[in-house]
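Subject: Structure handover

Dear colleague,

Here is the structure I promised to pass on to you, with my notes below it. Please keep the view open while you read, so that you can look up each place as it is named.

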Amino acid sequence: MSFPTRVKYSECTTGLPKSGMWKCDPIIMDINGDGALDLAAVARKGNGPHIWLGDGKGSWADTSPGLEMKDHSCGGGLCIEDINGDGRLDMVQADHCQGVFVYLGDEKGNWNVVVEDLYPRELVGPNEDDMPYVGSEDVDVGDVNGDGFADFVIGSSDGAGINVYIGDGSGRNWKRMATSLPAQGPTNRVMLSDIDGDGLLDLIASHAAGPRVWRGDGKGGWTETSKGLPAPVVNGLYRGLAVGDVNEDGRLDLVSANWIDGPEVYLRQEDGSWFKTPDVFPEMLGGAVGIAMGDVDGDGHLDIVVSGRLTLEVGFVYGVFLLHGDGRGNWNWSEGSGLPTTGLAFTWGVTLGDVDANGVLDIAAGSGGIVGTAPGPTEPSTPTRLLIWCGELQAKP
């Protein structure tokens, strides 16, 4: 169901690249500590991650010294955290072709690569090609074993499943930890979050078998708690992930992007199982790819932003859509918001952040994938590039 728009969006991309295939969920955060939000993203067929410093008004300046990769980047997940405890932000990048890279930041805004091409070599058989084990789709950082040091979880691009690497606090040394997590199958997204409120990090993933959740015990152990989540026959249907209390019952819920059926919402029940709500965006007939949640319009309720396509056509028919939430688990599509509903290339991920500090969450999208061009449009109406739209509140919620 469409809904009168509360927020009107327009592009604020001054200083951003005018081309490229940005295969990532962009990151919006204050990276240089000046109080204005900055932007980070990585491209497929690019030269590594990039960082653009924001001016707080929607303009950007590229500053990425030390982030260049020796070979071209293939895109993947980024995580920016202080991983060595020196008070400066560092970066972990999962690359679809080359595995995991770790960059340590300094006080001058430079980056030093200390880990390259990390992947679970020990899983490769003696007479086996290592290519299915090399690539990584996504990464998240957190202390999963309770030793006070940052660890990371990576999702494989192909055959290596989900892997946990334990850090020693230096940012340079990482040891793969044997776990009960899936050791096979591609994993499009991984996320560490305290789902059950016990103070320990849990793991949520878009695994080949479907969206999955594992409770962490704080010592590096995992127990699957996915009752009620789907297990489709076709592998790899699920991509974007987000968590938040969408029905305001005090429990974190799960939102996932289904490549065929569109965005799906799963409510966490009191017993830890999951309940799928009715279709939240029936107009999206061509499936969803990226997804994010936040209170976009400031009404106190979580909203959903999703990339995908309304039509079953192929071609440059992807768009970005805002669904207003009412805090009870109901959603209304905000038509006429200024976001493109078609004309984009395959759009990998979306992220929210108030880059112009006006109290309205703005939207960044990693767009630019190879798409079929028949019978749909053969050219994009919005050029293939990294995109960001700044929002203005049109009416009080």
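Before we look at any pairing, one term is needed: two strands are said to pair if DSSP finds at least two bridges between them. Please also keep in mind throughout that this is a predicted model.

With that term in hand, we can turn to an open sheet of 4 strands, which follow one another in the order S9-S10-S11-S12 with antiparallel pairing. Its edge strands are S9, covering residues 78–81, and S12, covering residues 111–118, each of which pairs on one side only. On average, and with direction ignored, neighbouring strands of this sheet are turned by 15° against each other. Strand S9 is joined to strand S10 (residues 90–95) by 4 bridges, and the two run antiparallel; within this pair, cysteine 79 stands opposite valine 92 of S10. At the other end of the order, strand S11 (residues 99–105) pairs with S12 in the antiparallel sense over 5 bridges, and there valine 100 has leucine 118 in S12 as its bridge partner. The hairpin that S11 and S12 make has 5 residues between the strands, and in this hairpin glycine 109 takes a positive phi near 90°.

Next comes the interior. The largest nonpolar core has 28 residues, and those that touch the most other members are Leu39, Trp52, Met91 and Ile388. Several strands each supply at least two residues of this core, including S9 and S11 from the sheet above, as well as strand S31 (386–393), while S4 gives the most, with 4 residues. Which residues does isoleucine 388 contact, leaving aside its neighbours within four places in sequence? Among them are Ser10, Leu16, Ile28, Trp60, Val355 and Ile363. Apart from this core lies another, of 20 residues, among them Val320, Phe346, Trp348 and Ile363.

The empty space is also worth a look. About 710 Å³ lies in the largest pocket, which is lined by 27 residues, and the closest of these to its centre are Asp25, Pro26, Ile27, Met191 and Thr351. Among the strands that each supply at least two residues of this pocket's lining are S3, S9, S13 (136–142) and S17 (187–193). The structure also holds 2 cavities of 30 Å³ or more, and the largest cavity has about 100 Å³ of space. Its lining includes Lys23, Asp25, Glu137, Asn188, Arg189 and Trp348, and the elements that give two or more residues to this lining are S13 and S17.

Finally, two residues deserve a closer look. Is glycine 185 buried or exposed? Glycine 185 lies in the loop between strand S16 (174–177) and S17, and it counts as buried because its relative accessibility is 16%, whereas the cut-off for buried is under 20%. The C-alpha atom of glycine 185 is separated by 8.0 Å from that of serine 157, although the two residues are 28 residues apart along the chain. Not counting residues up to four places away in sequence, glycine 185 touches Ser156, Gly159 and His207, among others. Threonine 187 lies in strand S17 and, at 0% relative accessibility, counts as buried too. With the same kind of neighbours left out, up to four places away in sequence, the residues that threonine 187 touches include Glu137, Ser156, Ile162 and His207.

With best wishes

Technical notes
Residues are numbered from 1 along each chain as its sequence is written. This is a predicted model: local features need pLDDT of at least 70, side-chain atom pairs count only at pLDDT 80 or more; totals for chains, interfaces and linings use all residues. Side-chain values use heavy atoms; hydrogens and water are left out. Axes are lines fitted to C-alpha atoms, for helices over the stretch in contact, and angles run from 0 to 180 degrees between N-to-C directions. A nonpolar core is a set of buried Ala, Val, Leu, Ile, Met, Phe, Trp, Tyr and Cys residues joined through side-chain atoms within 4.5 Å. Buried means under 20% relative accessible area, exposed over 50%, partly exposed in between (1.4 Å probe, protein chains only). Contact means heavy atoms within 4.5 Å. On a 1 Å grid over the protein atoms alone, a cavity is a set of points where a 1.4 Å probe fits but cannot get out, and a pocket is an open set with protein on both sides within 12 Å along at least five of seven lines; lining residues have an atom within 4 Å of a point. Grid points are joined across faces, edges and corners, and a volume is the space filled by probe spheres set on the points.
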